[in-house]
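Thanks for sending this one over. Here are some notes to read alongside the coordinates.

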Amino acid sequence: MPGELMELHYRDEEAIYIQASSDRVTVVFSTIFKDETDRTFGKVFLQEFVDARRQNTAMQHAPQVLYSSRDPPLEIRNVANLKRSDDVGYVTFVLFPQHFANPDRMQSTISHIQLFRDYLHYHIKCCKAYMHSRMRARVAEFLKILNRAKMENKEVERKTVTGRTLVQR
């Protein structure tokens with residue numbers, strides 16, 4: 001039987017929802033993506049989190065991760081005043097007893113969960129910075145190519161049949 005849902009507001013429009021039950025602890029992050037590129041990078045990044053556990057058998061001991069944009073997960077659908085728009089993303093971590101097996105592991109799990117939002121937004125910003133630096137490098141390369149392709153104006157002295165020099169006016 002699920003326990004009480006705890007709601008921790010850590011930013012104006014963002015919160016962490018925690019619900020403990022006998023066999024798991026469910027942690028749901030609501031996060032706001034300010035602009036379209038953040039949404040795109042966030043979606044790709046979080047989808048990789050979801051797929052990594054499914055595709056890699058070595059990661060079967062990692063917490064289960066679920067991601068949904070716009071629609072909140074079932075655990076928090078009944079919470080009042082949830083924002084439902086395109087700039088909201090919900091990340092759900094399902095933690096099992098193995099993640100709290102001993103005090104060191106419990107501390108590590110709590111620390112990683114607690115810092116997840118900062119980790120996510122930091123990596124989104126790094127991706128954007130990397131993409132911008134790559135775009136600047138590409139533009140510089142294209143400018144070099146364009147500069148090499150410019151036709152040089154050679155001043156050719158034009159003369160008439162009689163040997164006079166033509167002057168353009």
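The points below go through the sheet, the cores and the aromatic pairs.

1. A word on the source: this is a predicted model, so please read each point with that in mind.

2. Let me start with the sheet. It is open, has five strands in the order 1-2-3-5-4, and pairs in the antiparallel sense. Strand 1 (5-9) and strand 4 are the edge strands; each has a single partner strand, so one side of each has no neighbour in the sheet. On average, neighbouring strands are turned by 15 degrees against each other, direction ignored.

3. At one end of that order, strand 1 and strand 2 (residues 15-20) are joined by five bridges in the antiparallel sense. For a place to look, try Glu 7, which stands opposite Tyr 17 in strand 2.

4. What does helix 3 lie across? It lies across strand 3 and strand 5, and it runs at about 40 degrees to strand 3.

5. Next, the largest nonpolar core, which has 17 residues. Those touching the most other members are Val 27, Phe 29, Leu 46, Val 91, Phe 93, Phe 116 and Leu 120. Two or more residues of this core come from each of strand 3 (25-32), helix 1 (36-55), strand 4 (64-69), strand 5 (88-95) and helix 3 (116-149). Apart from this core lies another, of nine residues, including Val 28, Leu 82, Val 88 and Tyr 90.

6. Val 91 is a handy residue to centre your view on. Leaving aside neighbours within four places in sequence, Val 91 is in contact with Val 27, Val 28, Phe 29, Leu 46, Val 65, Leu 66, Tyr 67 and Phe 116.

7. Now the rings: there are eight aromatic pairs in the structure. In one of them, Phe 49 and Tyr 119 have ring centres 6.3 Å apart and planes at 75 degrees, so the pair is edge-to-face. Phe 49 belongs to helix 1 and Tyr 119 to helix 3, 70 residues apart, and the pair links these distant parts of the chain. Phe 49 is partly exposed at 26% relative accessible area, and Tyr 119 is partly exposed at 39%.

8. Phe 93 and Phe 116 form another edge-to-face pair, because their planes stand at 80 degrees, with centres 4.8 Å apart. Phe 93 is in strand 5 and Phe 116 in helix 3, so the pair ties together parts 23 residues apart in sequence. Are these two rings' residues buried or exposed? Phe 93 is buried, at 5% relative accessible area, and Phe 116 is buried, also at 5%.

9. Finally, both pairs belong to one aromatic cluster, formed by Phe 29, Phe 45, Phe 49, Phe 93, Phe 116 and Tyr 119.

How values were computed. Residues numbered from 1 in each chain as written. Predicted model: local features only at pLDDT ≥ 70, side-chain atom pairs only at ≥ 80, totals over all residues. Heavy atoms only, no water. Core = buried A, V, L, I, M, F, W, Y, C linked by side-chain atoms within 4.5 Å. Buried < 20%, exposed > 50% of the residue type's maximum accessible area, 1.4 Å probe, protein only. Helix = DSSP H or I, 4+ residues; strand = E, 2+ residues; numbered from the N terminus. Contact = heavy atoms within 4.5 Å. Phe/Tyr/Trp six-rings, centres within 6.5 Å; stacked < 30°, edge-to-face > 60°. Pairing = 2+ DSSP bridges. Axes fitted to C-alpha atoms, helices over the stretch in contact; angles between N-to-C directions.
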